[in-house]
Amino acid sequence: MAANRNACKYVVCLSSDKRRPEERRDLEEIPFQYVRRSVYPGSVAVLRFLRKARARPGHHWCIIPGQRMGRSSKDKRDIYYRLAKEEGWRARSAFKLLQLDEEFQLFQGVQRAVDLCAAPGSWSQVLSRKLKGTNGKNSEVKIVAVDLQAMAPLPGVIQIQGDITKVSTAQEIIRHFEGQAADLVVCDGAPDVTGLHDIDEYIQAQLLLAALNITTHVLKSGGTFVAKIFRGKDVTLLYSQLQIFFREVTCAKPRSSRNSSIEAFVVCRGYSPPEGYVPNMSNPLLDHCYDVDFNQLEGPNRVIVPFLACGDLSAYDSDQTYPLQLEPGKEYTYVPPTQPPICPPYQEACFLKKNNLLAREKGPTLSETSTKLPMPTSEAASLETHVQAGIEALTVAP
C-alpha cells in the first residue's frame with residue numbers, strides 16, 4: 001500500500017527490484033510502511049514487517065529517510081484553522097459563534113456581554129468586533145471576559161482572571177457593568193478530554209452547570225445564554241434544568257464544528273428564573289441523585305429540545321481536507337497563529353522536546369531472541385545496519 005513519505009521520518013521499503021528505491025523512477029509503486037519518529041528500527045512494528053520480507057523470496061528491503069510533516073499540513077486538514085489565522089482570529093472556534101449569530105441574531109440590541117472560560121479569546125474577539133465595530137468606537141458597549149488562565153489583552157475587552165464558581169467573580173462582573181445586569185452570556189469552556197466519554201460528558205455537564213449558576217447572578221431578565229454541551233445519553237437532564245430558567249432552549253450544531261465531535265451548543269433565550277429563586281453559589285443546580293430512574297427520563301418526563309444545524313450548506317466542511325490553493329490565481333502563503341498561548345500547561349513539555357531532553361523509551365524484549373539491538377542514529381546507513389541486525393537475530397517460523 002502506497003503511503004506518503006512526507007508523513008514520517010523514516011520509510012521502510014519492500015520491492016522486487018534490487019536497485020535502491022532512490023535509484024528507481026517509479027517510487028509511487030513502492031509499498032511504503034510507516035515508521036513513526038517514536039519507534040526505532042528494532043521495534044516490534046519493524047520486525048513484523050521484516051518477517052514479511054523474509055517470507056517473500058526475491059524481494060528486497062531497505063530504509064530511506066523520509067521528511068517531517070510541513071507546517072502547512074494542518075492548513076490542509078483543517079480549513080477553519082487556516083481561515084482563522086488569515087482573518088486574525090485567535091482560534092477556529094470564532095466561526096462557531098459567528099454561525100450561531102447568523103441563525104439566532106444573538107448580538108441584536110446587546111450592550112453588556114460576558115464571555116466565560118474565555119481563553120484564548122476568540123469569542124471575546126467576535127463580541128468586540130460585532131458589538132463595538134472594527135474601529136472599537138462604540139464606548140457604550142461593555143464586554144467582560146473571565147478565565148482562570150491568563151489571556152493576552154484584547155482592545156475593548158475587560159479581563160478578569162478568576163473562578164466562575166466564586167461569588168466574588170460575579171460581583172466583579174456586575175461592578176464593571178456599574179450595577180447593571182448583562183444582556184448576553186456566552187461560554188465555550190470545555191474540559192481537557194480524557195477519551196473516556198462518560199467522564200468527559202460528566203465533567204462538561206458540571207462545567208455547564210457552573211456557567212449557568214454564575215449566569216443566574218449576572219444575566220438580566222429576558223437575556224440570552226449560549227454554552228457548549230456534549231450530547232451524551234443523559235443530556236436530557238441538562239435540557240430540563242435549562243428549561244427551568246429559560247423560556248426557549250435550542251440545541252445547535254455550527255458547520256465549523258466537526259461532525260465527528262459530540263459537541264453542540266445550547267442557545268437559551270428569555271431568561272426567566274422561577275418565582276422566588278435566589279441565586280446561590282453554594283448549592284448545585286442539579287441534584288446529585290444519580291440512580292438509574294433519575295438519569296433516564298422517559299415518556300412524558302422526557303425533554304425534547306429542537307436541534308438546528310447552523311451555517312451555510314455551501315460553506316466549508318470542517319471534516320474535509322482542502323488544497324492549499326483555494327482560489328485559482330491566488331497563491332497560498334503560510335500565516336502563523338494570531339496569538340500564541342500564554343503560559344500553557346504543556347509549556348515545559350514543549351521545552352523538553354525541543355531541546356531533546358525527554359526520556360526515551362527502552363526497546364521491547366523479543367521473545368524469539370535474547371539479542372539486544374542497539375539504539376539507532378539518525379543516519380540512513382546506520383538505520384540499515386540496525387535493521388540488518390534485527391533480521392539476522394530473527395527466527396522466522398516456517
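**Exercise 1. Decide whether Ile 199 is buried, partly exposed or exposed, and say where it sits.**

Solution. In this predicted model, Ile 199 has a relative accessible area of 41%. A residue is buried under 20% and exposed over 50%, with partly exposed in between, so Ile 199 is partly exposed. As a next step, we place the residue along the chain: Ile 199 is found in helix H7, which covers residues 197–218. Finally, we look at its surroundings on the surface, where Ile 199, together with Leu 196, Tyr 202 and Ile 203, makes a nonpolar patch of about 360 Å².

**Exercise 2. Work out how well helix H5 is covered, and by what.**

Solution. We begin with the count, which shows that 9 of the 11 residues of H5 (residues 122–132) are buried, and the helix is therefore described as mostly covered. The buried residues include Trp 123, Val 126, Leu 127 and Leu 131, but also Ser 122, Gln 125 and Lys 132. We then ask which elements supply the cover: among them are helix H4 (94–104) and the strands S4 (112–116), S5 (142–147) and S10 (263–271). To finish, we step past the end of the helix, where Gly 133 takes a positive phi of about 85 degrees.

**Exercise 3. Describe the surroundings of Gly 121 and Asp 147, which UniProt lists for "binding site".**

Solution. The UniProt entry, which is unreviewed, lists these two residues along with Trp 123, Asp 163 and Asp 188. Taking Gly 121 to start with, we find it in the loop between S4 and H5, and its relative accessible area of 0% means that it is buried. Leaving aside neighbours within four places in sequence, Gly 121 is in contact with Arg 90, Met 151 and Leu 154.

Turning to Asp 147, we find this residue in strand S5, and because its relative accessibility is 13%, Asp 147 also counts as buried. Beyond residues up to four places away in sequence, Asp 147 touches several others, including Cys 117, Ala 118, Ile 160 and Gly 162. One of these can be examined further, since a polar atom of the Asp 147 side chain lies 3.0 Å from the backbone nitrogen of Ala 118.

**Exercise 4. Is Ser 256 buried or exposed, and which residues is it in contact with?**

Solution. Ser 256 is found in the loop between strand S9 (246–254) and S10. Its relative accessibility is 0%, and therefore Ser 256 counts as buried. When neighbours within four places in sequence are left aside, Ser 256 is in contact with Tyr 80, Arg 92, Phe 95, Lys 96, Gln 99 and Ser 318.

Technical notes
Residues are numbered from 1 along each chain as its sequence is written. This is a predicted model: local features need pLDDT of at least 70, side-chain atom pairs count only at pLDDT 80 or more; totals for chains, interfaces and linings use all residues. Side-chain values use heavy atoms; hydrogens and water are left out. Buried means under 20% relative accessible area, exposed over 50%, partly exposed in between (1.4 Å probe, protein chains only). Helices (H or I, at least four residues) and strands (E, at least two) are DSSP runs, numbered from the N terminus. Contact means heavy atoms within 4.5 Å. UniProt positions are given in the numbering used here, feature names are shortened, and annotations may be inferred rather than shown by experiment. A polar contact is a pair of N or O atoms within 3.5 Å; within protein, one must be able to donate a hydrogen and the other to accept it, and residues adjacent in sequence count only if both atoms are side-chain atoms. Patches are made of residues with over 30% relative accessible area and no salt bridge: like charges are joined within 9 Å, nonpolar side chains (Val, Leu, Ile, Met, Phe, Trp, Tyr) within 5 Å. Accessible areas come from the Shrake-Rupley method with a 1.4 Å probe; for residues, only the protein chains shown count as cover. A salt bridge is a side-chain nitrogen of Lys or Arg within 4 Å of a carboxyl oxygen of Asp or Glu.
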